[in-house]
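Reader: Could you walk me through this model one question at a time? I would like to see how each answer is reached.

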Amino acid sequence: MSPEIDVALVNVTKKFGNLVAVDNVSFEVPKGSFFSILGPSGSGKTTLLRMIAGFEVPTSGDIYIGGQRVNDVPPNKRPCNMVFQRLALFPMMNVLDNVTFGLRRRGGMSKAEMERRAKDALARVGLQGLEKRKIHQLSGGQQQRVALARSLVLEPTVLLLDEPLGSLDLKLRQSMKLELKHLQARTGTTFVYITHDQTIALAMSDTVAVINRGKIEQIAPPEELYRRPATHFVASFVGENNKLTGGRVLAVRPGPDPQVEVDFAGLRMAGRAGEDLAVGDTADLFIRPEMISLRPGKHENGLLGKVSEVNFDGSHSLVVVDLVEAQRPLSLNVKIQHTEDAPEVQPGDVVTLSWRWDAANAFHPVAQPSTEAEV
Amino acid sequence: MNASSKRRGLWLVLIPMLLWIGLLFVLPHVKLFYLSFVSRRGGEFTLANYLYFFKNPLYRRIFVRTAVFSTLVTLLTLVVSFPLAFIITKVAGKRLKAMLLLAVILPYWVSELIQAFTWMVLLRESGVFSYLLQRLGIIHHPVEFLYHDYTIALGLVYTSLLFMTIPIMNSLDTLDDSLIEAAYDLGANFWSTLREIIIPHAAPGIMVGSIMTFMLNLGNYVTVTLLGGKNSLWFTEIIYNQFIIRFNQNKGSAFSVILLTFSVVFVWIVLKVTKQDLSEAM
Amino acid sequence: MKRQFWMLFAFVLVLALALAACGGAAKTPQPQAPSSKPAATEAPAATEAPAQSATEAPAAASGGVLRMLTWEGYAPEELVDKFTKETGIKVEITYIGDNNELIAKMAATKGVGFDLVSPTLNYVATAQEQFGIYQPIDLSKVNKDLFIPAYWDSILKNSEYEGKPYALPFVWGTTAMVVNLEKAPDAGQSYLDLCDPKYKGRVTYRAKYDTLYMFAYALGYDPAEAVKNEDEYRKVMNAVRDKMIECKPIVRTYWDSRQQLEDLLKNDEVWVATSWDAIAWTLMKEYPNKFKYVVPKEGAVGWFDTFAISAGAENVDAAYKWINFVMKPENAAVIINKTGYQTASQGAVELASPEMAKIVAETLPPEKMKTIKWYFPLPPYAQDIQADVLEQVKAAESK
């Protein structure tokens, strides 16, 4: 095991009776990185985290923390701490006692030293002066910080976070998101963060592992995940997408990044082959709305369309374009940034759409598209 | 008009309860209190009934024995009930939970008298317990388990188990499991989690259960007399003797008031010491 | 979950209270049920309820209801059914375990709620003097021929208060000792055998008055004489107390009920015990070679239970009908056979089973009959002295 790897899972499987919650998962989390596990609810991500924390025992496979196999180490002896989804602050204690709880358990430290460290941790999360408050006297965001301080004060090798921002309102979530990222950068602690919210995962993480039905779909930095999804599921789950289904592959141009042309209702569309595709295969195509360029009027090299809706949304507008040359009704969403030279369109305008071939990703259709993925 | 009819409705609902409390609780206590302060013959005001108790070393000793024993049994009941309540609320699966709950409630389908007789069948020298232990080779001749202090304790724990277990279950029910996990995660072991997280959370339930158990023990008569044998004199029997054997309602009332006052004061002190609020606890 | 538990809990509690209240009101209008709460010792509301229903009762049913306060075995179901069939009178029975309990129950309501009671003879006149709970016997309503004449005369005379008789003879019995012939064949010579270290842990007796008298006689006192003087009686009883405390390591437990004594004896847990004759006799019938009723040299303690009519009786006629019914020899014989109790019914013994008659004749022959020490009337101070002594004995520490 490389010493630079803080958490490693090797072929970890967890079964509850007949249900396979986690299916042969392996990954490594480098030291000091912010690692997210992203998946819809029921995908097994919570089980995965609880196995790292020690609350569940893997059915098979090994878990390493800081280079040590921890399968048989109970949770109170593991060099990792967890921030719980519902925070699990101790309501019978004040803020300071919550934060010193772990230090007191560890012992070997004077009371003054414990308090100094606790105050230090509280200062780091911006909660100076609230030491004597009761938990129920704090706001949601403050409670969030206490939960963080309570774990961070123990200087764990790994901090596990079980979607702790989920219960906050949108504004608070946005600011806590950044704060968490800064905190992680400052402390250098390895974070393993699980969430079903892709905006959080993409914004904060160094690496994101997408998990679906107990299996890892892709492990990659956020940008790669966004631009070059490895599977049909990742493409549909991460980010907004135009999803065209049931096309036929017309041509494949092999290379390091194979390029394909797919026929949808008589229209030829270019894209990147996300997986092995052959001429004649059925394929789905995902195109990011912001990657489509829209030119007013009729042009060569592009798909002719007619604007049916314009939805103004502040910094951008979402334009719905019906592809007029298609043999069956087909439309694409296009996101236009409101820059100085942005085209102005109105419903009924004729426009031409085009995109770089590698802005679209083609996959074999999946037998049963995951319903959660379309949320 | 609507409000007044609503109010009338409320009173109508309350009447049975007020009658119940008034006739069966307040009125007898007022009478008891009055009787304890008047002389047996003549009926003039006197403190003699109380002085009689305080001057009598035998009664004082029995009173202290009853109080100390009740306290110890309450603690013992807590020790038995707490793990039981914890298992029922936090550990057991659906079926085990139902079984344990039934096991706690079932004894109350028969009277205390029958419970005591059942214990006698089990614990007597020629009883089931003695027989089984002999068969297992643990003891080599019949042993009498009845008529000891520990037999009284056993019987009392049994009769008050439900009243301790249910309130604790009730308070443990509201304990978020993740608090226990969080404590473990932060390095706590079983005992420190119990001491710092679970018990403080369950404190109101423990309080309610202990109060009820203590009162039940203090006022017990049947179990103590039947299982205790020759050394079982309990303060309630002294009260019984005053009313029934000596036909002395006034001393009996005084003794009852003493017992009642003691239990109220004791509970109040315990609440103060443990910084619990009864209304909060309930 | 939380609410369910509390609702269940509240339900159980209310149910328990309701049952307790119903039971208390319907059957035992008394202030002293040994309930878990001392507060329940005073419940005027509960004691008044049956009084009201009692006033309505006679008008309701043709034969009415007869309310009896008596001892277990004194009104066997067989006889009650027969009585109801013959007269149409329904019978409600409340059982007592103690004469003081009977008096306390009666005194609480001046007898209202009961028609016929069965106090022990020595509790009739004194209780009448203190509490006025009975009414004089109307001799014109009783069939004198049903009674053994000697008992009739004696009981009428001994229950007199202000010149009127207050009781009729019903059942009599003795208290002496029962021994296990296999384990302690020599026991039973004296009541002091109850203190013999040979029988350590194999002895039982009651922590009640009869035991006090036994020890008093065994120590050479005559409590029936001593009771006439308070100081003298206290001296005697204190001596008894000291002896009983000294003997406490010997006794296994104090027995309280017939069932308890029988269990102790049958399981060989106890070899030497004080016992009512009836208990011993029924045991002898069952185990002829194992148990024996023994009257020690101090003599058996004798008691006579009577019929007395409550001062608050609502159905006096039914009470007399019952007396005349139950004293018929064929009916009294049922009591003898069932429980072993001897009755004052003329001719009942002859109708009872010969087996029982033989046992009685063997264990209580005429010469032993002569040594019977009858219960004596207790002045109020004697009640207190005896209660003091018993409390001190029970409170004494012993292994």
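Reader: Happy to start with the chains. Which chains have the most contacts between them?

Author: Glad to help, and please keep in mind that this is a predicted model. There are 2 pairs of chains that touch. Chain A and chain C are not joined by any contact, and their closest C-alpha atoms are 19 Å apart. The pair with the most contacts is chains B and C.

Reader: Thanks! Staying with chain C, what percentage of its residues is buried?

Author: Chain C has 17 helices and 12 strands. Among its contacts with a separation of 6 or more, 75% are between residues 24 or more positions apart. Of the 399 residues in chain C, the buried ones make up 56%.

Reader: And chain A, what share of its residues counts as buried?

Author: Chain A has 8 helices and 20 strands, and its C-alpha atoms fill a box of roughly 75 × 45 × 35 Å along the principal axes. For contacts in chain A between residues at least 6 apart in sequence, 65% join residues at least 24 apart. Of the 375 residues of chain A, the share that counts as buried is 51%.

Reader: Let us turn to the interior. Where does the largest nonpolar core lie with respect to the domains of chain C?

Author: The largest nonpolar core has 163 residues, and those with the most contacts inside it are C:Y134, C:Y213, C:Y233, C:V272, C:W322 and C:I323. Residues of this core come from both domain 1 (2-45 + 57-172 + 302-364) and domain 2 (174-300 + 376-395) of chain C, so the core lies between domain 1 and domain 2.

Reader: Which residues does C:I323 touch, leaving out those up to four places away in sequence?

Author: C:I323 is one of the residues with the most contacts inside the largest nonpolar core. With residues up to four places away in sequence left out, C:I323 touches C:L116, C:V142, C:F147, C:L168, C:F307 and C:I309.

Reader: How many residues are in the other core that lies apart from this one?

Author: That other core includes A:Y193, and also B:A188, B:A202 and B:W234. Its size is 104 residues.

Reader: I am curious about C:W281. Is it buried or exposed?

Author: C:W281 sits in helix α11 (residues 277-286) of chain C. Not counting residues up to four places away in sequence, it touches C:Y293, C:G340, C:Q342, C:M356, C:I359, C:V360, C:T363 and C:L364. The cut-off for a buried residue is under 20% relative accessible area. C:W281 has a relative accessible area of 0%, so it is buried.

Reader: Over in chain A, is helix α1 largely enclosed or not?

Author: Helix α1 of chain A covers residues 45-53. Its buried residues are A:K45, A:T47, A:L48, A:L49, A:R50, A:M51, A:I52 and A:A53. With 8 of the 9 residues of α1(A) buried, the rest of the structure surrounds the helix, so α1(A) is largely enclosed.

Reader: What about A:T46, is it buried or partly exposed?

Author: A:T46 also belongs to helix α1 of chain A. Apart from neighbours within four places in sequence, A:T46 is in contact with A:D162 and A:I194. Its relative accessible area is 33%, and buried would need a value under 20%. A:T46 is therefore partly exposed.

Reader: Which residue follows α1(A), and what is the sign of its phi?

Author: The residue after α1(A) is A:G54. Its phi is near 105°, and the sign is positive.

Reader: Is A:A88, with its phi of about 55°, buried or exposed?

Author: A:A88 has a positive phi although it is not a glycine, and A:A88 is found in the loop between β6 (80-83) and α2 (95-106) of chain A. Its relative accessibility is 3%, so A:A88 counts as buried.

Reader: A last one, on packing in chain B. At what angle do helices α3 and α4 pack?

Author: Helix α3 (residues 57-91) and helix α4 (residues 94-105) of chain B have their axes 9 Å apart, and their crossing is left-handed. B:L84, B:I87, B:I88 and B:T89 in α3(B) meet B:K97, B:L100, B:L101 and B:V104 in α4(B). By class, this contact has 6 nonpolar, 1 polar and 1 charged residues. The packing angle of α3(B) and α4(B) is about 145°.

Conventions:
Residues are numbered from 1 along each chain as its sequence is written. Chains are lettered from A and ligands numbered from 1 in the order in which they are written. This is a predicted model: local features need pLDDT of at least 70, side-chain atom pairs count only at pLDDT 80 or more; totals for chains, interfaces and linings use all residues. Side-chain values use heavy atoms; hydrogens and water are left out. A nonpolar core is a set of buried Ala, Val, Leu, Ile, Met, Phe, Trp, Tyr and Cys residues joined through side-chain atoms within 4.5 Å. Buried means under 20% relative accessible area, exposed over 50%, partly exposed in between (1.4 Å probe, protein chains only). Domain bounds come from an automatic or database domain assignment. Contact means heavy atoms within 4.5 Å. Helices (H or I, at least four residues) and strands (E, at least two) are DSSP runs, numbered from the N terminus. Axes are lines fitted to C-alpha atoms, for helices over the stretch in contact, and angles run from 0 to 180 degrees between N-to-C directions. A crossing is left-handed if the near helix is turned anticlockwise from the far one by less than a right angle, and right-handed if clockwise. Ala, Val, Leu, Ile, Met, Phe, Trp, Tyr, Cys and Pro count as nonpolar, Asp, Glu, Lys and Arg as charged, and the others, Gly among them, as polar.
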